[in-house]
Amino acid sequence: MQTIAFWVFSFLAVAGAVLTVTRKNPLSSALSLVVSLVAVAGLFATLSAHFLFAIQLLVYAGAVMVLVIYVIMILNLRERDMRVLGLSRPRAALASVASLAVLLVLARVFAGGRTAFPADAKGLGSIEELATALFTRYLLQFEVVSVLLLAAMVGAVVLAMRKF
Amino acid sequence: MQQLLDRFIESRGWTGDWAIELVYFLGMLFFAVALLLVVVTPFTGIVSWAERRIAARMQSRVGPNRVGPQGILQWAADGLKCILKEDLIPEDADRILFTAAPYLVFCGLFGAFAVLPFSEHLVIADLDAGAFYVMAITSLVPLGIIMSGWASNNKWSLLGGMRSAAQIISYEIPAALSLLAVVLAAGTLSLQGIIRAQGWSPADWFLFRNPFLFTGFFYFFVANLAEGNRTPFDLPEAESELVAGYSTEYSGMRFAFFMLAEWANLYVVASVVNVAFLGGWNVPPIAEGVVLTILQMVVFAAKSLVLVFVIIWVRWTLPRLRVDQMMLLCWKYLVPLSFLNVLGTAVWMMIVPEGSAAGRVASWLLVLVGLSLSGLFGLRVRKNLKDADVGRLYLNPFS
């Protein structure tokens with residue numbers, strides 16, 4: 001069942017991502033991205049990472065995508081409003097393949113290639129494990145990211161308060 | 001066949017046979033869905049009847065009382081009518097999104113039932129991130145509402161959908177923060193764990209654990225009312241301004257899905273508040289075994305149903321807020337106050353250790369405060385009833 005779920009969710013995630021970049025209508029594009037994000041949440045769930053699953057749904061599918069769709073609806077973007085990028089089709093394809101290759105190489109270098117998921121990973125992905133890793137081994141990174149987010153938040157408030 | 005049965009009974013893991021796994025997967029899906037539909041759908045139906053009867057009583061009307069004894073089968077008749085009705089899709093609507101939207105709303109709310117407990121052992125899935133899961137899965141609802149509003153290609157629907165999205169996203173912050181204070185006090189995100197951290201006597205409930213959680217209960221309740229689009233926060237479907245908001249263009253079964261989701265949400269809200277603040281299924285240690293389980297179910301359902309009644313009561317008593325008042329309440333009052341709550345709860349836990357004498361005294365004092373508040377409310381109601389300039393008040397609910 002895990003394997004079936006994995007294949008279903010993977011297919012949905014990839015299909016959603018492909019539709020996101022190929023749809024012409026911005027709203028269909030955004031909704032395809034939602035499908036992709038929810039499918040990734042499902043992948044987390046099959047890895048028994050319930051916390052990540054909930055966060056993925058809450059933050060991406062729930063909050064971020066609602067805001068994106070909200071903006072699309074307020075501006076009432078249609079197909080004709082979309083600015084066509086000055087890239088021809090083969091060039092765009094080449095660019096995307098190249099960036100995918102770079103990503104794969106980076107993943108290979110930093111993550112040390114393919115690693116099998118440990119079969120007896122009891123408690124892996126649980127909140128306790130996640131919190132222990134975050135607040136001990138990766139504390140510095142965690143704090144740096146927090147400060148960055150705080151700075152971004154203050155920046156957003158300052159920009160919003162500016163009188164135009 | 002034998003292998004398949006083994007798979008269902010033992011459910012131990014991958015057997016390596018694709019056909020068996022597929023049947024098993026579909027079978028489990030079918031069981032889960034059937035359980036939800038058999039339990040939840042009649043419940044939402046009966047709540048819809050109860051709400052209409054209560055509303056009618058509050059407005060000196062009779063309400064539906066024809067189908068079945070006291071009209072209790074009204075929901076079945078309504079459901080049948082909705083199935084038989086024509087399923088209209090407006091010509092200019094976005095067909096795919098229009099048809100998909102009600103299901104998204106429905107899934108978001110019915111998914112929450114997967115982690116809601118009914119007793120100590122009766123729960124579909126006790127996730128270790130249960131409290132988070134409820135918030136996450138219900139965040140699919142605004143997506144469905146926006147989709148329905150936009151796809152209807154109608155300005156009332158669009159306005160309703162946008163209002164709803166803004167409202168739900170705003171009120172999710174105070175709701176999550178108030179729940180965070182509870183999680184701090186319980187030390188776990190699992191709904192069952194939160195209930196186990198409380199006790200059966202009111203002084204052991206998180207509601208009376210400390211002054212910050214006491215006020216947090218009210219923020220959480222108000223924020224959840226707003227997230228469920230219930231009056232006084234039903235701006236997305238304000239009848240006097242927006243016809244019926246995002247569901248204006250819907251008819252037949254699709255409309256029924258929206259209504260079903262709204263009443264299912266009543267129970268979800270009530271039981272999450274119950275779990276977080278009112279001690280859930282905790283009962284005094286007087287029984288064992290099956291009796292204990294039944295007792296727990298009764299206690300849990302009773303607390304939740306009282307809250308459901310309060311939500312209905314609020315809906316038919318208070319007028320609707322304006323959009324700016326709704327935003328003001330959230331961002332200027334509820335968000336800072338619930339931040340204060342989280343901080344206050346943390347400090348309280350440092351100063352007053354759990355189970356200490358000071359903590360017990362504070363809990364019982366808070367119980368007294370709660371009792372005297374409800375006593376004051378009762379006196380107010382009695383005075384108003386006495387002063388009311390009506391010939392005779394019919395207080396019999398079944399008249």
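## Terms and model

Helices are DSSP runs of H or I with at least four residues, numbered from the N terminus. The model described here is predicted.

## Pocket between the chains

The second largest pocket has a volume of about 1900 Å³. Its lining takes in 37 residues, and those nearest the centre are A:Ile55, A:Leu58, A:Val59, B:Phe132 and B:Leu180. In chain A, the elements giving two or more residues to this lining are α3 (50-75), α5 (127-137) and α6 (139-161); in chain B they are α5 and α7. The most comes from α7(B), with nine residues.

By class, the lining of the second largest pocket holds 30 nonpolar residues, four polar residues and three charged residues.

## Interface of chain B and chain A

About 2700 Å² is buried between chain B and chain A, and carbon and sulfur atoms give 83% of this area. Three residues, B:Leu143, B:Trp150 and B:Met162, supply 22% of what chain B buries against chain A, more than any other three residues. The elements of chain B with two or more residues on the side that touches chain A are α2 (18-58), α5 (130-138), α6 (140-151) and α7 (155-186). On that side of chain B there are 25 nonpolar residues, four charged residues and one polar residue.

The contact involves 30 residues of chain B and 27 residues of chain A. Zero salt bridges are found across the interface of chain B and chain A. The count of residue pairs in polar contact across this interface, with both residues at pLDDT 80 or more, is also zero.

## Cavity in the structure

A search of the whole structure finds one cavity of 30 Å³ or more. The largest cavity has a volume of about 370 Å³. Among its 26 lining residues, B:Leu109, B:Thr138, B:Glu227, B:Gly228 and B:Asn265 lie nearest the centre. Six elements of chain B are listed as giving two or more residues to the lining: α4 (95-112), α5, α6, α7, α9 (211-227) and α11 (252-277). The largest share is that of α11(B), with seven residues.

The lining of the largest cavity divides into 18 nonpolar, five polar and three charged residues.

## Elements that recur

In chain B, α5 and α7 each give two or more residues to the side that touches chain A. Both helices also do so for the lining of the second largest pocket, and again for the lining of the largest cavity.

How values were computed
Residues numbered from 1 in each chain as written. Chains lettered and ligands numbered in written order. Predicted model: local features only at pLDDT ≥ 70, side-chain atom pairs only at ≥ 80, totals over all residues. Heavy atoms only, no water. Contact = heavy atoms within 4.5 Å. Buried area = accessible area lost by both parts, 1.4 Å probe. Salt bridge = Lys/Arg side-chain N within 4 Å of Asp/Glu carboxyl O. Polar contact = N/O pair within 3.5 Å; in protein donor to acceptor, adjacent residues only side chain to side chain. Nonpolar A, V, L, I, M, F, W, Y, C, P; charged D, E, K, R; others polar. 1 Å grid on protein atoms, 1.4 Å probe; cavity = no way out; pocket = protein on both sides within 12 Å on 5 of 7 lines; lining within 4 Å. Points joined across faces, edges and corners; volume = space filled by probe spheres on them.
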